[in-house]
Amino acid sequence: MKKCAEGAAAFLLLLVAGSVSAAGKTPADDGIPALLKFAEQQQVAAPAPSVAEKAPPVTARPKPVIVPRGDAARLTALNQTLRQQAEVIQQQADTVRRLERRLAIQATVPTPTAPAVVDIRPLAAALKGIRRAIAPPPDLIAIAASLARQQRVAGEQQQRLQQLSRQLAKLQQPPALVSDADKQAYAAGVSLGRDIVQLQEQNRQLGIEADRARLLAGIADTLNGKPRLDNAAIDSALLAADSALQQAHWQRQQSLRQDGKAYLADFATRPGVQKDALGFYYRVDYAGSGRIEKGDNVSIVVRESLPDGTVIKDMELAGTTISLPLAQYPPLFRAAIGKLNKHGSITLVVPPELAYGEKGSPPAIPPGATMIYTLRVADVLPPDKDRQK
């Protein structure tokens, strides 16, 4: 009987412990200013849109199952109750042991008369209490079942997340460019992207910044035939954007004009600065030596910039030169070279009407910009020699 009670208590403690534990290619840039290459076609008075890195697949770990506070409190209370029941069982086991000792003592005493009747009611009560203690509480069973369901749902969600991550990684892989048709389609996309980048750069210079994510979303929705705005809303939005663009363009042009005039006026007051008959101001930085004849082939290096210091082209830095017969240079540069000897250098400040005019040369050169040129004669060859390029 003693061993039975002790075994039942040990089994109860194991049950409690177990229950708690279960819980594209761009045009070549030779660095030569556009004005210098094409201005000979003008007269003096003529105005001149990543691919994102491939993001690694995101695999989220399942959130640990958290037992609600109410269930945790109930578990704590059940544990306390089980400990109390264990104490009661221990007391009952002590009672059983005492009864056994009494039975043993009575067994050794001779009975002259009829054997005494043993009262086993305490023992029956103790066994009944042990049975009740061994049976798991209903609340604990319900909590264990709830935790098992939550763990099963968490496992299913993790499997779904892994599946979606694999699908996303497959969609993010760039398509292969194998056939000529593949390359042509990709090239068309690159060309469209360059146009968009150029347009964005022009707008950025005017202080207008378009949200790239929404811009790309509009392109994707249009290609998929599912725009999220109707035609009336799209037309209204484009009209508003065009109005804002025109206003920003006008303000930018006025600001550039004022800045250009201020820079030119300041340059005109500097020592050694003179005004040419064509209307530009210049300063000979180094006269050079050796006269340049009209038929000579002249190689020059030019640095082109804006009054705010923005460098448009720097042939010196790029290591490039342009070589033409003197007579073939545009009037502006022919006049500048005519003020120098061999290996001389000169600085020019040119008003808009002698440079890129009201149109400018987007995106680098805004409309109505005053231009600054630093010109150096790199080499001079007689007309019967091959000119250097």
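This passage describes a long helix, a group of paired strands, the nonpolar core and the aromatic pairs of a predicted model.

Helix H8 spans residues 231-268 and comprises 38 residues. The distance from its first C-alpha to its last is 54 Å, close to the 56 Å expected at 1.5 Å a residue. Within H8, the buried residues are Ala248, Gln253, Leu256, Gly260, Leu264 and Phe267. The cover over these buried positions includes strand E2 (281-286) and strand E6 (345-350).

Strand E7 (371-381) takes part in two of the pairings described here. With strand E3 (residues 297-305), E7 pairs in the antiparallel sense over 9 bridges. In this pairing, Asn297 has Leu381 of E7 as its bridge partner. E6 and E7 also run antiparallel and are joined by 6 bridges, and Val349 stands opposite Ile372 in E7. Of the 11 residues of E7, 8 are buried, so the strand is largely enclosed by the rest of the structure.

E3 is further joined to strand E5 by 4 bridges, and these two strands run antiparallel. E5 covers residues 322-325 and is enclosed on both faces. Ile322 and Leu324 are buried on one side, while Ser323 and Pro325 are buried on the other. Ser323 in E5 has Ser299 opposite, a residue found in E3. The side chains of Ser299 and Ser323 are joined by a polar contact of 3.0 Å. Ser299 has a relative accessibility of 4% and therefore counts as buried, the cut-off being under 20%.

The largest nonpolar core contains 34 residues, of which Val298, Met371, Tyr373 and Leu375 touch the most other members. At least two residues of this core come from each of E3, E5, helix H10 (331-337), E6 and E7. The greatest contribution is that of E7, with 5 residues. The surroundings of Tyr373 can be described in detail. Apart from neighbours within four places in sequence, Tyr373 is in contact with Leu35, Val302, Arg303, Glu304, Phe333, Ile346, Thr347, Leu348, Val350 and Tyr356.

The structure holds 2 aromatic pairs. In one, the ring centres of Phe280 and Tyr282 are 6.1 Å apart and the planes meet at 55°, so the pair is classed as tilted. Phe280 and Tyr282 are both buried. An edge-to-face pair is formed by Phe333 and Tyr373, with 5.4 Å from centre to centre and 80° between the planes. This pair links distant parts of the chain, since Phe333 belongs to helix H10 and Tyr373 to strand E7, 40 residues apart. Phe333 and Tyr373 are likewise both buried.

A backbone feature is found in the loop between H10 and E6, where His343 lies. Most residues other than glycine have a negative phi. In His343, by contrast, phi is positive, near 65°. With a relative accessibility of 45%, His343 counts as partly exposed, because the value lies between the 20% limit for buried residues and the 50% limit for exposed ones.

How values were computed:
Residues numbered from 1 in each chain as written. Predicted model: local features only at pLDDT ≥ 70, side-chain atom pairs only at ≥ 80, totals over all residues. Heavy atoms only, no water. Expected span 1.5 Å × (residues − 1). Buried < 20%, exposed > 50% of the residue type's maximum accessible area, 1.4 Å probe, protein only. Contact = heavy atoms within 4.5 Å. Pairing = 2+ DSSP bridges. Polar contact = N/O pair within 3.5 Å; in protein donor to acceptor, adjacent residues only side chain to side chain. Core = buried A, V, L, I, M, F, W, Y, C linked by side-chain atoms within 4.5 Å. Phe/Tyr/Trp six-rings, centres within 6.5 Å; stacked < 30°, edge-to-face > 60°.
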